[in-house]
Amino acid sequence: MLHKLLLLLFTSWLIQLTPVTFSELTDSTPMEQIVYMERTPGSQQMIELEHIHTLASVLGSEEKAKKAIIYCYKNTITGFSAILTKAQVEELSKQPGVLRILPAPMYPLPKEVNNSTP
C-alpha cells in the first residue's frame, strides 16, 4: 500500500515538471537539440571526435561544430546537444550514425510568490 502511495505522489510530482517545448521552429531559429547517435566502440575522446565530425558535415567546419556542441553524452547514451536550426536538424538527421534528434526539454522556473523587496 505504501509503495502505491509513493508511486502516486512521485507521478503527480513528475507531471508538474512537464517540459516546455517549442512546437513552431523556423529555419532560422536556433534551439538546443539532443542528437542521439549509434554507439560505436572506442575511447570517450574518439566518440567525441566522431560527434564533432558528424556535426561538421552539416555546419561546414570542425571549428563551427566545436562551438555549437554544448555537451557530449558518452556513458548512458551516445550523442550530443547542440544549438541548431530546423534546417540543420533536417540535414543532420540524414547523416550516418544519427538515430534521432529531439529538442532539449526546457523547464520553466517557478514564479516568485512575492517580488517586492523590503
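Here are four short exercises with worked solutions on a predicted model.

**Exercise 1: the core**

Work out which residues touch the most other members of the largest nonpolar core, and which elements supply that core.

Solution. Start with the membership: the core holds 18 residues, and the ones touching the most other members are Val35, Leu55, Phe80, Leu84 and Leu92. Next, sort by element. Two or more residues come from each of strand S1 (31-37), helix H2 (44-59), helix H3 (62-68), strand S2 (69-73), strand S3 (79-84), helix H4 (86-92) and strand S4 (98-103). H2 gives the most, with 5 residues. Now zoom in on Leu55. Skipping residues up to four places away in sequence, Leu55 touches Ala65, Ala68, Ile69, Phe80, Ala82, Leu84 and Leu92. As background, nonpolar side chains in soluble globular proteins tend to be buried together.

**Exercise 2: the hairpin and its loop**

Find how S2 and S3 pair, then decide whether Thr78 is buried or exposed.

Solution. First the strands: S2 and S3 run antiparallel to each other, paired over 4 bridges. One bridge to look at is that of Cys72, whose partner in S3 is Phe80. The connection from S2 to S3 is a hairpin of 5 residues.

Then the loop: Thr78 sits between S2 and S3. Its relative accessibility is 6%, and the cut-off for buried is under 20%, so Thr78 is buried. Check what surrounds Thr78: leaving out neighbours within four places in sequence, its contacts are Val35, Tyr36, Met37, Glu38, Arg39, Ile47, His51 and Tyr73. With Arg39 there's also a side-chain polar contact, at 3.4 Å.

**Exercise 3: a link across the sequence**

Place Gln44 in its element and say which residues it touches beyond four places in sequence.

Solution. Gln44 belongs to helix H2. With those sequence neighbours set aside, Gln44 touches Lys74 and Asn75. Take the second of these: Gln44 and Asn75 are 31 residues apart in sequence, yet their C-alpha atoms are 8.6 Å apart. Finally, exposure: Gln44 has 43% relative accessibility, so it counts as partly exposed.

**Exercise 4: the aromatic pair**

Count the aromatic pairs and classify the geometry of Tyr71 and Tyr73.

Solution. The count is 1 aromatic pair. For Tyr71 and Tyr73, the ring centres are 4.9 Å apart and the planes meet at 70°, so this is an edge-to-face pair. To finish, look at accessibility: Tyr71 is partly exposed at 48% relative accessible area, and Tyr73 is partly exposed at 23%.

How values were computed
Residues are numbered from 1 along each chain as its sequence is written. This is a predicted model: local features need pLDDT of at least 70, side-chain atom pairs count only at pLDDT 80 or more; totals for chains, interfaces and linings use all residues. Side-chain values use heavy atoms; hydrogens and water are left out. A nonpolar core is a set of buried Ala, Val, Leu, Ile, Met, Phe, Trp, Tyr and Cys residues joined through side-chain atoms within 4.5 Å. Buried means under 20% relative accessible area, exposed over 50%, partly exposed in between (1.4 Å probe, protein chains only). Contact means heavy atoms within 4.5 Å. A polar contact is a pair of N or O atoms within 3.5 Å; within protein, one must be able to donate a hydrogen and the other to accept it, and residues adjacent in sequence count only if both atoms are side-chain atoms. Two strands pair if DSSP finds at least two bridges between them. Rings of Phe, Tyr and Trp (its six-membered ring) pair if their centres lie within 6.5 Å; planes under 30 degrees apart count as stacked, over 60 as edge-to-face and the rest as tilted.
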